Amino acid sequence: MSNDNLSVISLVSIGEHPTSRRPRRAEQDARAIELGLKLVGNNLQTLHAGQVSDDPRQQTALRSYLGMGLAEINLLEMPEQADAILVLAEHLKQQNSDIILTGVRAESGESSGMLPYLLAEQLGMAMVTSVTDILSVDEVNKQAEVLQALPRGQRRKLKVDLPFVASVDMAAALPRQSAFGPAMRGQFEATLGGIFADQESPLWQTTDAKKRPKRLKIVKAKTAADRFKAATAKASGGGGKVVHGVEESAQAILDLLVEEGLV
Amino acid sequence: MSELFRRDPRAEWIARNRLHPLHQTLDSGPVFGPTGLLRKNPHIIGFIGPNGLKRIDRSGASNDTGQSTRRTAAAREVVLPLHQVAEPAFYIVVVLDLVSGRLNGHDKDTLGLAQQLANRNNGGGAVVAIAFGELKDDSLDKTGVDRLIHLDGQQYASYNPEQRCNDLQGIIAELVPQHILLPDSINGGGDLGRRLAAALELRPACGVWKLNDDTVICRGSAGKSDITRPLSKLLLVMEECCEPISETRHESILMPQQSSQFADGKLFDHGNISVDPNAIPLAEAGFILSGGNGINDWPQFHHTASVLGATEGASRVAVDDGNMPRERQVGATGTWVTAQVYIAVGISGAIQHMQGIAPCDKVVAINTDEGCDMVKRADLSAIGDSTEILTRLVELVEHRKQTINEGATNEQ
Ligand SMILES: Cc1cc2nc3c(=O)[nH]c(=O)nc-3n(C[C@H](O)[C@H](O)[C@H](O)COP(=O)(O)OP(=O)(O)OC[C@H]3O[C@@H](n4cnc5c(N)ncnc54)[C@H](O)[C@@H]3O)c2cc1C
């Protein structure tokens with residue numbers, strides 16, 4: 001690949017299954033690794049802030065990234081409740097990496113999605129969110145071309161100055177499967193990270209998500225007759241325009257499409 | 001009709017004179033009996049129908065003259081009370097998403113929450129809405145905007161979150177708002193809010209869906225848990241976090257503001273790229289051409305979809321007959337779609353199908369049967385044979401594309 005001199009770091013976290021809540025490979029982080037492997041192949045570096053815990057399920061989750069064909073994951077050891085952002089920022093300041101890949105938001109904890117933004121701010125890098133693909137990297141002009149996911153399946157093309165932080169969207173290419181053998185053979189390279197306690201979050205109360213109440217259709221009718229009508233009327237608007245004839249119909253549809261800006 | 005209230009002395013005289021032959025027919029307002037009790041006259045309601053029978057219409061739809069004259073006064077357009085904040089004690093800043101220049105539901109909910117924050121504990125706060133780029137909405141006063149800052153210019157037509165974040169920092173330094181609210185959406189609010197949080201070194205509360213006195217409830221763990229935490233300065237709020245404003249009008253006074261000087265942007269927008277419409281998941285697609293049992297020429301249907309650039313959908317019958325793949329089925333047992341424009345070709349509008357298209361904005365029906373349910377739901381119905389209409393539509397669209405292309409080449 002032509003991007004041999006490029007330094008790409010992908011940050012990985014331990015995911016959480018949406019229903020069983022078991023630790024697993026985080027979906028967005030896996031997509032970030034897939035994108036990184038596409039860009040620089042085996043030169044991709046991977047970084048996780050945390051500990052290799054004694055819990056075998058957490059180890060399996062972390063090892064499943066290794067099973068995607070990585071030789072090693074760099075571990076920044078820190079206590080479980082500490083603030084990962086400062087630890088990561090301190091480490092990454094010495095790395096001079098060109099591209100840092102993350103997920104859009106974590107699958108457990110606060111999952112505010114602030115990590116990539118704070119890293120970009122502290123390292124003075126550009127930040128692109130919801131990336132689905134990195135099309136090309138121009139190392140001479142220090143610019144990369146990326147695709148960003150928009151609502152309704154649309155994509156926007158952006159040029160970003162290197163170095164930058166990119167958070168990878170669910171719409172990016174599916175990650176490859178994790179293979180058992182490489183997952184077991186892969187290594188953890190542990191270094192001791194700093195300890196930055198998170199003062200605020202231990203004071204918060206966390207409970208299982210409650211189902212949000214459905215918004216009621218409030219009828220602000222003054223009379224009983226109006227309320228009755230609102231409760232029983234069919235949802236049909238009834239105000240639709242009807243046109244007959246082939247020529248008129250086609251023209252009317254075209255006019256509507258033009259008005260909505262679709263053709 | 002004149003809005004002036006006119007007295008009718010003769011009617012008043014008849015109303016006073018209980019022995020007048022017309023007295024019974026006049027409805028002269030509340031009548032109190034000798035003991036002071038309210039008396040209702042059951043004989044004066046209703047009207048005499050065409051066959052001489054008395055009819056009482058409780059739906060209120062009848063327009064017998066006696067009642068309608070009185071109703072005109074009541075049915076006049078209600079002018080909502082104006083909420084004024086002459087000298088704001090503090091500010092609440094809301095940054096609007098403004099998808100294609102208009103407020104969406106998420107923006108309105110955010111403004112509703114902002115008004116709640118501005119008016120709690122004796123109130124006195126003003127909600128400042130910040131709009132970037134084109135602003136087409138003229139109902140800002142009815143959605144709870146006390147003050148408006150509108151930054152417009154060429155640079156806001158494209159994606160420039162760095163410039164916007166820089167502008168916001170300036171505005172916030174000037175106004176020193178108590179709270180800053182943004183919709184936590186993929187339409188820009190989520191991105192901009194997090195940028196702002198990083199720049200201001202504030203810890204935002206993300207995914208806020210409820211406000212209780214001095215705490216907020218946020219969705220954490222990607223939607224699996226609820227976190228109750230103290231109210232923070234910067235809030236990224238979810239949709240339906242609060243009821244939108246509907247009972248007051250607000251001043252929406254424009255506060256003049258210049259966009260800040262910002263030159264070292266690192267992101268450059270190169271516009272949207274064209275995506276294959278059929279690669280877009282049906283539930284997300286914005287423009288769907290859907291075919292049903294009334295399609296006789298399927299190759300032509302596919303051709304039309306590709307010319308229009310529409311995502312293809314189908315009714316269950318079309319899928320069962322093997323004309324379309326199963327994942328294209330729209331409706332109760334298929335996909336629930338949210339398209340901006342949905343064209344239903346030869347679909348009768350069975351309830352199972354209608355359920356799936358309920359959130360669609362504009363529905364167009366092409367059908368031979370004018371009485372079918374799809375025509376009743378549609379905003380535009382074309383009555384005629386589907387094959388002929390689609391053929392003509394394709395011709396028109398291709399013609400239009402050609403003239404636009406020619407126009408573009410002539411300009412060069
Ligand atoms: C449990 C259950 C679940 C279901 N779920 C779904 C679902 O998810 N989605 C779904 O779509 N259906 C569903 N159905 C089926 C649904 O009830 C209807 O049978 C189906 O939607 C009808 O499809 P249609 O409108 O294409 O066909 P039809 O009802 O046959 O309508 C054809 C229409 O085309 C018009 N037409 C005929 N010839 C032409 C022509 N040449 N040009 C123009 N118009 C023409 C006719 O006037 C008619 O209005 C479900 C049914 C059940 C029982």
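In what order do the strands of the 10-strand open sheet run? Load the predicted model and trace them: E12(A)-E12(B)-E11(B)-E10(B)-E13(B)-E9(B)-E6(B)-E7(B)-E8(B)-E15(B). The pairing in this sheet is mixed. Its edge strands are E12 (205-208) of chain A and E15 (253-254) of chain B, and each of them pairs on one side only.

**Stop 1: where the sheet crosses between chains**

Select E12(A) together with strand E12 of chain B, residues 225-230. The two run antiparallel and are joined by four bridges. Click on A:Thr206; opposite stands B:Ile227 in E12(B). Strands of a sheet pair through backbone hydrogen bonds, so show backbone atoms here.

**Stop 2: a second pairing between the chains**

Now select strand E9 of chain A, residues 155-161, and strand E16 of chain B, residues 267-273. Five bridges hold this pair in the antiparallel sense. Which residue stands opposite A:Lys159? Look in E16(B) for B:Phe268.

**Stop 3: the cis bond after E9**

Stay in chain A and move to A:Pro163, in the loop between E9 and strand E10 (164-168). The peptide bond from A:Leu162 to A:Pro163 is cis, with omega near -10 degrees. Most peptide bonds are trans.

**Stop 4: the whole interface**

Zoom out and color by chain. In chain B, 77 residues are in contact with 79 residues of chain A. Together the two chains bury about 6800 Å², 56% of it on carbon and sulfur atoms. Eight salt bridges cross this interface. One to select is B:Arg203 with A:Asp198, whose closest N and O atoms are 2.9 Å apart. Between the chains there are also 40 residue pairs in polar contact, both residues at pLDDT 80 or more. On the side of chain B that touches chain A, the classes are 37 nonpolar, 16 polar and 24 charged residues.

**Stop 5: a salt bridge inside chain A**

Over all chains the count comes to 25 salt bridges. Select A:Arg176 and A:Glu34, whose side chains meet in a salt bridge at 3.1 Å, N to O. The pair links distant parts of the chain, 142 residues apart. A:Arg176 sits in the loop between E10 and helix H5 (180-185), while A:Glu34 is in helix H1 (residues 27-40).

**Stop 6: the ligand**

Center on the ligand. Which of the 25 residues around the ligand come nearest? They are B:Ser315, B:Thr333, B:Ser348, B:Asn367 and B:Asp385. Next, pick out ligand oxygen atoms. One is 2.8 Å from a polar backbone atom of B:Asn293. An oxygen atom of the ligand is also 3.1 Å from a polar backbone atom of B:Gly346. With B:His353 the partner is in the side chain: an N or O atom there is 2.7 Å from a ligand oxygen.

**Stop 7: two loops of chain B**

Select B:Leu98, in the loop between strand E6 (90-95) and helix H3 (105-119). B:Leu98 has a positive phi of about 50 degrees, although it is not a glycine. Most residues other than glycine have a negative phi.

Finish at B:Asp152, in the loop between strand E8 (147-151) and helix H4 (161-175). Leaving aside residues up to four places away in sequence, B:Asp152 touches B:Gly133 and B:Glu134. Then draw a distance to B:Arg10, 142 residues apart along the chain from B:Asp152. Their C-alpha atoms are separated by 62 Å.

Key:
Residues are numbered from 1 along each chain as its sequence is written. Chains are lettered from A and ligands numbered from 1 in the order in which they are written. This is a predicted model: local features need pLDDT of at least 70, side-chain atom pairs count only at pLDDT 80 or more; totals for chains, interfaces and linings use all residues. Side-chain values use heavy atoms; hydrogens and water are left out. Contact means heavy atoms within 4.5 Å. Buried area is the accessible area (1.4 Å probe) that two parts lose on being put together, summed over both. A salt bridge is a side-chain nitrogen of Lys or Arg within 4 Å of a carboxyl oxygen of Asp or Glu. A polar contact is a pair of N or O atoms within 3.5 Å; within protein, one must be able to donate a hydrogen and the other to accept it, and residues adjacent in sequence count only if both atoms are side-chain atoms. Ala, Val, Leu, Ile, Met, Phe, Trp, Tyr, Cys and Pro count as nonpolar, Asp, Glu, Lys and Arg as charged, and the others, Gly among them, as polar. Two strands pair if DSSP finds at least two bridges between them. A residue is near a molecule or strand if one of its heavy atoms lies within 4 Å of it.
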